[in-house]
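Here is the note you asked for on this model, set out as numbered points. Please read it with the structure open beside you.

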Amino acid sequence: MHADHRKYMKFTGRARIDKAVNSLLGIIEGVSIDGVINQLELEFLRIWLADHDELRDRHPFNELIPAVEAALADRVLTTDERQDIIWLCERLRSSNYYDKTTSDLQRLHAVVGGIIADTQISETELRGLSAWLDAHDHLRSCWPYDEIGSLITSVLADKRIDEQEHQLLFRFFSEFVALLDGRTILNPPVADGGSILGLCAVCPEITFNGTKFCFTGASARYTRPHLAETVARLGGEVVAAPSAKVHYLVIGADGNPCWAYACYGRKVEKAVELRKAGARIMIVHEHDFHDAVTDAG
């Protein structure tokens with residue numbers, strides 16, 4: 001775990017447990033959304049097991065982990081086994097730390113993560129995801145509910161998924177792989193027409209002189225003070241929170257496992273809201289930021 005994250009851990013123990021339960025529930029829903037569960041999708045569930053193995057003696061993992069292990073022992077997840085795990089997750093979910101909206105957004109992230117577990121996205125899976133969205137329309141206006149819904153509508157307009165659309169879907173859905181809390185977006189998509197935008201800009205042009213930067217997550221390479229010094233040296237300014245006056249929000253490559261959501265936090269959500277409202281804030285990945293620093297000398 002990144003050193004910048006450790007100070008948050010003692011405040012988020014129960015919340016992280018609830019998030020893990022919500023994620024498992026969403027993964028089960030995602031890998032089975034087309035009615036077929038293959039070996040790559042089962043491996044995705046094993047990653048969840050490995051990710052939480054050190055907690056197997058702690059409630060609720062002392063119930064969840066044996067149930068998932070038993071279900072996967074024969075390398076087949078039957079309908080009864082899937083329903084048993086979903087039943088158990090539903091009863092172990094808590095509302096003490098996350099409200100229904102947050103819990104179901106965590107599930108949504110895991111659902112799309114489960115869908116891409118085998119690297120293929122079918123029309124059946126998209127229609128299943130569309131039905132899931134319809135059943136959870138209390139998430140409307142929350143990122144990424146609207147964006148996913150718009151993308152599905154656009155892709156299925158001609159009742160087929162071509163190669164370019166599949167690549168767009170895969171890259172977008174990859175942003176929300178619930179298990180990989182320590183990673184953030186590497187290659188987010190951009191759709192023509194402006195209706196769907198990836199979280200991060202693709203090959204952004206970043207300038208420093210006279211511009212304002214905000215950082216979120218932890219850098220894989222530098223401390224936050226070092227990043228601030230770098231920006232100042234190149235003529236820019238670092239501020240604490242996104243606003244309409246901020247030019248760039250930089251997402252650290254190590255994410256933050258204490259965030260309530262799978263791969264972004266409050267600052268990213270605020271930046272998305274500002275962008276929807278017309279602000280020209282650009283969300284960029286740390287890798288692109290470092291490339292710009294190198295180019296600027």
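Is Arg-107 buried or exposed? Arg-107 is buried, its relative accessible area being 6%. The model is a predicted one, and the points below should be read with that in mind.

1. The surroundings of Arg-107 are a sensible place to begin. The side chain of Arg-107 meets that of Asp-104 in a salt bridge, with N and O 3.3 Å apart, and both residues belong to helix 6, where they are 3 residues apart, or about one turn of the helix. Asp-104 counts as buried because its relative accessibility is 0%, and buried means under 20%.

2. Asp-104 has a further partner, Lys-100, and in this salt bridge the closest N and O atoms lie 3.2 Å apart. Here too the two residues sit in helix 6, which spans residues 100-115, and they are 4 residues apart, again about one turn of the helix. Lys-100, however, is exposed, with a relative accessible area of 53%, whereas Asp-104 is buried at 0%.

3. Another salt bridge links the side chains of Glu-237 and Lys-212, at 3.7 Å from N to O. Glu-237 lies in strand 2 (residues 237-238) and Lys-212 in strand 1 (residues 212-216), so this pair ties together parts that are 25 residues apart in sequence. Glu-237 is partly exposed, with a relative accessible area of 40%, and Lys-212 is likewise partly exposed, at 26%. Elsewhere, salt bridges with shared partners join Glu-29, Lys-100, Asp-104 and Arg-107 into one network. A search of the whole structure finds 9 salt bridges, among them the pairs described in these points.

4. The strands just named belong to an open sheet of 4 strands, which has the order 2-1-3-4 and parallel pairing. Strand 2 and strand 4 (282-285) are the edge strands, each of them pairing on one side only. Strand 1 and strand 2 run parallel and are joined by 2 bridges, and within this part of the sheet Phe-213 stands opposite Val-238 of strand 2.

5. Helices pack against this sheet as well. Helix 10 (residues 224-233) lies across strand 1 and strand 2, and its direction runs at about 165° to strand 1. Helix 12 (residues 286-296) packs on the sheet too, where it touches strand 1, strand 3 (248-251) and strand 4, and its direction makes about 90° with that of strand 4.

6. Helix 5 (residues 79-92) deserves a separate look. Its 14 residues reach 20 Å from the first C-alpha to the last, which is close to the 20 Å expected at 1.5 Å a residue. The buried residues of helix 5 are Ile-85, Ile-86, Leu-88, Cys-89 and Leu-92, and they lie on the same side of the helix because they cover an arc of only 160° around its axis. On the other side of helix 5, by contrast, Asp-80, Asp-84 and Arg-91 are exposed.

Key: Residues numbered from 1 in each chain as written. Predicted model: local features only at pLDDT ≥ 70, side-chain atom pairs only at ≥ 80, totals over all residues. Heavy atoms only, no water. Salt bridge = Lys/Arg side-chain N within 4 Å of Asp/Glu carboxyl O. Buried < 20%, exposed > 50% of the residue type's maximum accessible area, 1.4 Å probe, protein only. Pairing = 2+ DSSP bridges. Contact = heavy atoms within 4.5 Å. Axes fitted to C-alpha atoms, helices over the stretch in contact; angles between N-to-C directions. Expected span 1.5 Å × (residues − 1). Arc of directions from axis to C-beta.
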